[in-house]
Amino acid sequence: PPRVGARAALKVLDVSNNELGDLPAQLGYLPSLAAVGLALGPSNQRTALPLQPPTLAPTTELHRAPPTTADASSAAHSAAPAATAAAHAPPPLAANVSAADSAEFKGPTLPQGRAAPFMALGIVSNVMYGNSFERRKWLRQTALTRSNVGKTLEAVFIVGMLQTDLSPVPTSVQTRLEMEADAHNDMLMLLKTPERKSPCLKTMAWYRYALTAFPSATFIAKTDDDAYPHTVKLEHNLRRFAGRPDVYIGSTLWGSFISKEFEPCARRMGPAMCLGGMKEEKCLERGGTLPYPYAVGMLQVLSMDVARDMVAQPSYAEFEARATAATRPPMMLAGEDMVIGMFIFTLARKIMPLHWGWDKLHDLCFKCERKDQIWRPITHQTVIAHHIANEQIIKEVHRNISAVCDEACERTTLPFEVT
């Protein structure tokens, strides 16, 4: 079949009629696979190639779903060692593959001779939701006109080129995206990544891409196309952390994540509230992780060392492949920021996110009449304003943020609430 999907007990697969370049993305999640049959040479003779899956990282136990009875029985009769039955499927693309590899990534062409950016900012954009073409245009007309964009800060829009069911996006959409990318040279098209309700897979692919596309950058960051980033204030405030290797910045919440079901659990404001929520929602009983802090999705900033170690974990590749293959529930629908936080939480060295505060990174409101949400108006401290709904609002935000924060204000160092 063109896509195998999740087959936990499958041992051998004949893929003789498939193109080798398609195999990593098409195989799906096959933790027990021990051999792949290929047609090699002019005689079309099938040859079984044994697979040597990577050794499980110690932290993988936290995320791996327990085997079913059928899986356990099948694994017991396998000639492969027991560890093979729990091994990870190969990722769609290894982290060290060149970002220019057209099999998965079609990214912007960086001008020859330009100095490496201090920061690469990925802006995830869902081409199957609303009018993403307009949202990207509004950002180019407002936030991305600031003086550091294209110089010390490289902004890249991230789009998936597959639909939820892993079929290609409509031809009309693909044509428009290619024309837009040619016109602006600021888009990363993920050729093997689907558009889903959650931007999780695009975010995970962005970190893998950025590590090879911007190897000399100090920070890799992610935001959304319904957020307004003040790029100058953002860069200025990150420069004080340039000498620290273990940096993970944002505004933080706490939670648990049930990896086998792709489900967030007990998302709360702090650790005590999270522990209470975990008891209420029975997170651990359902296979959830221990509680951990994570930077919310409107802005995540990672130092290069943290990003590199995060994507190098075998569990990262396993999750990415399994979430891609899951086209029906349980599937990855929410909690992209929790997934990134989870893989930072499972690093061998413990890294706490630096909490910037909800006055710098906040959802947007004007009258702010509701008191049960952390919504804020634009102030001189705003760095990211999230939930920019339409052209009028984003242009008002651009005008207001420029009015309340002059050049001196832009280069004012803003305090962090937790460092």
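## Exercises on a predicted model

The largest pocket holds about 1,100 Å³ of space. The model is predicted, and the exercises below treat this pocket, one helix and the cysteines.

**Exercise 1.** Describe the lining of the largest pocket by position, secondary structure and residue class.

*Solution.*
1. Start with the residues. The lining has 41 of them, and those nearest the centre of the pocket are Pro199, Asp224, Asp226, His386 and His387.
2. Assign secondary structure. At least two lining residues come from each of helix H4, strand E8 (219-224), helix H11 (336-345) and strand E16 (361-364). E16 gives the most, with 3 residues.
3. Sort by class. The lining has 17 nonpolar, 13 charged and 11 polar residues.

**Exercise 2.** Decide whether helix H4 (residues 132-141) is largely enclosed by the rest of the structure, and find what its buried residues pack against.

*Solution.*
1. Apply the cut-off: a residue is buried if its relative accessible area is under 20%.
2. List the residues of H4 that pass. They are Ser132, Phe133, Arg135, Arg136, Trp138, Leu139 and Arg140.
3. Compare with the helix length. Because 7 of the 10 residues are buried, H4 is largely enclosed by the rest of the structure.
4. Find the partners. The buried residues of H4 pack against helices H5 (171-184) and H12 (391-404). They also pack against strands E5 (119-124), E6 (153-162), E7 (187-194) and E9 (227-229).

**Exercise 3.** Identify the disulfides, and give the handedness and burial of each.

*Solution.*
1. Take as a disulfide any pair of cysteine sulfur atoms within 2.5 Å. The count comes to 2 disulfides.
2. Treat Cys265 and Cys283. Their sulfur atoms are 2.0 Å apart, and the link is left-handed, with -85° about the S-S bond. This pair joins distant parts of the chain, 18 residues apart: Cys265 is in strand E12 (residues 263-268), and Cys283 is in the loop between helix H8 (271-281) and strand E13 (292-295). Both Cys265 and Cys283 are buried.
3. Treat Cys405 and Cys409. The sulfur atoms of Cys405 and Cys409 lie 1.9 Å apart. The torsion about their S-S bond is about -100°, so this disulfide is left-handed. Cys405 and Cys409 are both buried.

**Exercise 4.** Is Cys200 buried or exposed, and how far from Cys274 is the nearest cysteine sulfur?

*Solution.*
1. Cys200 has 1% relative accessibility and therefore counts as buried.
2. Cys274 is in no disulfide; the nearest cysteine sulfur belongs to Cys283 and is 6.9 Å away.
3. Cys274 also counts as buried, because its relative accessibility is 0%.

Terms used:
Residues are numbered from 1 along each chain as its sequence is written. This is a predicted model: local features need pLDDT of at least 70, side-chain atom pairs count only at pLDDT 80 or more; totals for chains, interfaces and linings use all residues. Side-chain values use heavy atoms; hydrogens and water are left out. Buried means under 20% relative accessible area, exposed over 50%, partly exposed in between (1.4 Å probe, protein chains only). Helices (H or I, at least four residues) and strands (E, at least two) are DSSP runs, numbered from the N terminus. Contact means heavy atoms within 4.5 Å. On a 1 Å grid over the protein atoms alone, a cavity is a set of points where a 1.4 Å probe fits but cannot get out, and a pocket is an open set with protein on both sides within 12 Å along at least five of seven lines; lining residues have an atom within 4 Å of a point. Grid points are joined across faces, edges and corners, and a volume is the space filled by probe spheres set on the points. Ala, Val, Leu, Ile, Met, Phe, Trp, Tyr, Cys and Pro count as nonpolar, Asp, Glu, Lys and Arg as charged, and the others, Gly among them, as polar.
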